[in-house]
Amino acid sequence: MARFQGIDFYDIDNTLLSQEERMIRDTVREWVEDRVMPLIGDAYVERRFPRELIPELGELGVLGANLPEDYGCAGLNNVAYGLIMQELERGDSGLRSFASVQGALVMYPIFAFGSEEQKRQWLPALASGEKIGCFGLTEPDYGSNPAGMITTAKRTDDGWVLNGTKMWITNGSMADVAVVWAQTGEIGDVKGIRGFVVPTDTPGFTARDQKGKLSLLASDTSELHLEDVHLPEDALLPESTGGLKHPLMCLTQARYGIAFGAVGAAMACFDEALSYAKERVMFDRPIGGKQIQQVRLADMLTKITQAQLLCIQLGRLKDQGLVTPQQVSLAKRANCDMACDIAREARRLLGANGILVEYHSMRHMANLESVYTYEGTHDIHSLILGQALTGLSAF
Ligand code: TGC
Ligand code: FAD
């Protein structure tokens, strides 16, 4: 099969990206082509995250790549970071999920709300892939509405004791460390939800694989149980004093990466559909020579191009410190919706072959249902935008 080129109909490469951004993107693109594509179909069917790739992700510098070099990270700008997410998700949404959680949901909160000691202890090891992290916000009865969480952190004489259950936690079973959000009750001026760095070998902490998934199969998804988990005082992220605002800030980082990642999945499906359309002969001609398939491909191209341009502008705003959470919501919502459409159309263009694991579109199609749902469902982002437009909360 031909190597992936990447559709760039509006010459974004030469007009909107720097040489360094292109070089970083191409390095990850080649790595995905060489190391991920040969194994991802089998990993998906075997329902396993390809853990053997983690040290290579660390060596590539893609984990927490937009965090500072002082802590062992690559210190890249946000456009380069986004393009990395795009290329990882071109391989599989589970791979991008791994990197999103590690970088945006574990390293970012330690960087933003942690003590200097916590940063030195965890960030270099997480950047290299030596340690794996997970992020526990969602609970069985509090998905879209994490404000209602019932996991508690109670003060003891020398620290904290945590109790509760977190659900749907990416990387949960293989994590060395969990960033867990819990209700502490108001303490002085400090709002009642705070973040804790929990080593997963702490007595009382257990993780159980989520069974029965039909999406994101090459990803580790777990339920976390915290039963009288005793933690020292310094397990608290000391600067996580903003209540739900601080975990929501983490979500904004991850949603940003997902907006780019979804474009990668869509590009992979488009690439596959285009080459199939040129090669598959039916009624004596390649199906790509039929008007219906050309309309399908033109629609796909248009939506991907719009999403690529949206991402670049989002990234430039983020690099200038101007991006708002609502702008990130718009991009996450639009690009996940777009990618779901493209994956489904690509799968259909491939006919019966489209349901085989040897092709990629159906794997992406199934994965993207999770991507559409996590990090704020499509509906939740609609309501975030509705609130931004009208000033009225409809949650
Ligand atoms: P609300 O009253 O609106 O806000 C509380 C405070 O937070 C501020 N804020 C944000 N700040 C930064 N980024 C954001 N995205 C923010 N959204 C809100 C807000 O300004 C306020 O600040 P202040 O200073 O006034 O205190 O909070 P709410 O309780 O009404 O919630 C609003 C809502 C529904 C939008 C929020 O709960 C939400 O986003 N729900 C969706 C839950 C979600 O996305 N969960 C994701 C879990 S992690 C995950 O899915 C990982 S998948 C990873 C992978 O594998 O890639
Ligand atoms: P619910 O909130 O129960 O929503 C059900 C339906 O109701 C949805 O259609 C929703 O859009 C709609 N709805 C909800 N509220 C409203 C409203 N106010 N108005 C109208 N409609 C509404 N969480 C973590 O903390 N860490 C992780 O690492 C993580 N990884 C995940 C990995 C996977 C594969 C998946 C699927 C989920 C993951 N999640 C994680 C959880 C994810 O963030 C939640 O599933 C998501 O926020 C939605 O919550 P829910 O599933 O409880 O759906």
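The following exercises, with worked solutions, concern the surroundings of two ligands in a predicted model.

Local features require pLDDT of at least 70 and side-chain atom pairs count only at pLDDT 80 or more, while totals for chains, interfaces and linings use all residues. Residues are numbered from 1 along each chain as its sequence is written, chains are lettered from A and ligands numbered from 1 in the order in which they are written, and side-chain values use heavy atoms, with hydrogens and water left out.

**Exercise 1.** Describe the shell around ligand 1 and its polar contacts.

*Solution.*
Step 1. Ligand 1 is surrounded by 27 residues, a residue being near if one of its heavy atoms lies within 4 Å of the molecule. The closest are Ser97, Ser144, Thr252, Arg255 and Gly376.

Step 2. The shell comprises 14 nonpolar, 8 polar and 5 charged residues. Here Ala, Val, Leu, Ile, Met, Phe, Trp, Tyr, Cys and Pro count as nonpolar, Asp, Glu, Lys and Arg as charged, and the others, Gly among them, as polar.

Step 3. A polar contact with a ligand is a pair of N or O atoms within 3.5 Å. An oxygen atom of ligand 1 lies 2.8 Å from a polar side-chain atom of Arg255, and a backbone N or O atom of Gly376 is 2.8 Å from an oxygen atom of ligand 1. The protein buries 73% of the 1,100 Å² that ligand 1 exposes when taken alone (Shrake-Rupley method, 1.4 Å probe).

Step 4. Helix 5 (93-113), helix 7 (245-279) and helix 11 are the elements that give two or more residues to this shell (helices are DSSP runs of H or I, at least four residues; strands are runs of E, at least two). Helix 7 gives the most, with 6 residues.

**Exercise 2.** Determine which residues make polar contacts with ligand 2, and which domains give residues to its shell.

*Solution.*
Step 1. The shell of ligand 2 has 18 residues, with Thr138, Ser144, Trp168, Thr377 and Asp379 the closest.

Step 2. A polar side-chain atom of Asp379 is 2.7 Å from an oxygen atom of ligand 2. Thr170 places a polar side-chain atom 2.8 Å from a nitrogen atom of ligand 2, and a polar backbone atom of Leu137 is 3.0 Å from an oxygen atom of ligand 2. Of the 990 Å² of accessible area that ligand 2 has on its own, the protein covers 67%.

Step 3. Strand 3 (159-170), helix 10 (361-373) and helix 11 (378-390) each give two or more residues to this shell.

Step 4. Ligand 2 lies between domain 2 (133-243) and domain 3 (246-390), because both give residues to its shell; the domain bounds come from an automatic or database assignment.

Notes. Polar contact = N/O pair within 3.5 Å; in protein donor to acceptor, adjacent residues only side chain to side chain.
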